[in-house]
Amino acid sequence: MPEWLNALPKAELHLHLEGSLEPELLFALAERNQIALPWADVETLRAAYAFNNLQEFLDLYYAGANVLRTEQDFYDLTWAYLQRCKAQHVIHVEPFFDPQTHTDRGIPFEVVLRGIQQALLDGEKQLGISHGLILSFLRHLPEEEAFKTLEQAMPFRDAFIGVGLDSSEKGFPPRLFERVFAKARSEGLHAVAHAGEEGPPEYIWEALDLLKIKRIDHGVRAIEDERLMQRIIDEQIPLTVCPLSNIKLCVFEHMGQHNILEMLERGVKVTVNSDDPAYFGGYVGENFAALHEHLGMTEAQAKRLAQNSLDARLT
Ligand SMILES: Nc1ncnc2[nH]cnc12
Ligand SMILES: [Zn+2]
């Protein structure tokens, strides 16, 4: 990666902590927790990171998360991610965590939250990285489950800044979560949601109008709807775009086809993020580097993208 790219101060606004679980740490945690794994070694696991769509990835991502059991595991996961941030001049992070992935396996909400929170606080003190944690609901589960998760979370209200919506997109439109988002907003929480990754522009409209989100996670399919494009430009609604993720999950065939720079030049407030870096081949820096290499991103464009990420912070 060119040093000028690495040195740009940036924020990461779309990162699933569970998606930063590198195979080496996954194997180490499996051993520590005495969990038998279906993969023989790190290389075999890495070789399984070939996906045709979002669902194929999610199946492996949820299987991998099974090694996370104790507060220390969640601390180690988060701390490893923050070290990567430090090395790439990421100065602010707003990561997602998926409580239901863990509480459904019998891990108490508090165990998950405490481990993550302590690492984020240490990251602030020791690495100078500021943060705002986002609790994300799994959209393949019913809204009732999201309500239960929000209820479990409220005793820890000060530990997070907002709610998100992730997991399988097609067939699970934002409108299914209108009431739980209204409840979260009434508690003073910010709202963001994955929309327009695999799903149609209609899902982005719903996320904006029904969930009243502040930022669109992915949103690359907005380009199919001119009226929607005008709205996100006029209102300067940020998009947290994840280029390497979009290639790994076949949203675009190759990086040369990615629309992030076209959106940037049209005035959309796009940002660069890594989504699930352990699975998609790189952190924020590698995502910037891929845009430079395959799309000819200039230094001026990189600076605007980095500035967008700082401007689009929720905190
Ligand atoms: N890219 C993605 N889309 C939806 N849900 C996710 N969970 C983790 N990564 C995701
Ligand atoms: Zn995501």
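Where is R215 found? In this predicted model, R215 is found in strand 8. With a relative accessible area of 0%, R215 falls under the 20% cut-off and therefore counts as buried. Its side chain still has polar partners. One of them is E94, whose side chain is joined to that of R215 by a polar contact of 2.8 Å. Another is the backbone of A312: its oxygen lies 2.8 Å from a polar atom of the R215 side chain.

Strand 8 also holds H218. What is the relative accessibility of H218? The value comes out at 0%, so H218 is buried. The backbone of H218 is a bit out of the ordinary as well. Most residues other than glycine have a negative phi. H218, though not a glycine, has a positive phi of about 75 degrees. K212 joins H218 on this point: phi of K212 is near 55 degrees, again a positive value in a residue other than glycine. K212 has its place in the loop between helix 10 (201–209) and strand 8 (215–218). As for exposure, K212 has a relative accessibility of 47%, and because that value lies between the 20% and 50% cut-offs, K212 counts as partly exposed.

H218 leads straight on to the ligand. An N or O atom in the side chain of H218 is 3.4 Å from a nitrogen atom of ligand 1. Two other side chains also put a polar atom by a ligand nitrogen. For E197 the distance to a nitrogen atom of ligand 1 is 2.8 Å, and for H16 it is 3.3 Å. How much of the accessible area of ligand 1 does the protein cover? Of the 260 Å² that ligand 1 has on its own, the protein covers 100%. As for the site itself, ligand 1 sits in the largest cavity.

Which residues make up the surroundings of ligand 1? Besides H16, E197 and H218, the residues around ligand 1 are L54, F57, L58, Y61, D166, S167, H194, D275 and D276. Helix 4 (residues 54–64) gives the largest share of this shell, with 4 residues. By residue type, the shell splits into 4 nonpolar, 4 polar and 4 charged.

Taken together, strand 8 is a handy thread through this part of the model. Strand 8 holds R215, with its polar contact to E94, and H218, which is one of the residues around ligand 1.

Key: Residues are numbered from 1 along each chain as its sequence is written. Chains are lettered from A and ligands numbered from 1 in the order in which they are written. This is a predicted model: local features need pLDDT of at least 70, side-chain atom pairs count only at pLDDT 80 or more; totals for chains, interfaces and linings use all residues. Side-chain values use heavy atoms; hydrogens and water are left out. A residue is near a molecule or strand if one of its heavy atoms lies within 4 Å of it. A polar contact is a pair of N or O atoms within 3.5 Å; within protein, one must be able to donate a hydrogen and the other to accept it, and residues adjacent in sequence count only if both atoms are side-chain atoms. Accessible areas come from the Shrake-Rupley method with a 1.4 Å probe; for residues, only the protein chains shown count as cover. On a 1 Å grid over the protein atoms alone, a cavity is a set of points where a 1.4 Å probe fits but cannot get out, and a pocket is an open set with protein on both sides within 12 Å along at least five of seven lines; lining residues have an atom within 4 Å of a point. A molecule sits in a cavity or pocket if more than half of its atoms lie within 2 Å of its grid points. Helices (H or I, at least four residues) and strands (E, at least two) are DSSP runs, numbered from the N terminus. Ala, Val, Leu, Ile, Met, Phe, Trp, Tyr, Cys and Pro count as nonpolar, Asp, Glu, Lys and Arg as charged, and the others, Gly among them, as polar. Buried means under 20% relative accessible area, exposed over 50%, partly exposed in between (1.4 Å probe, protein chains only).
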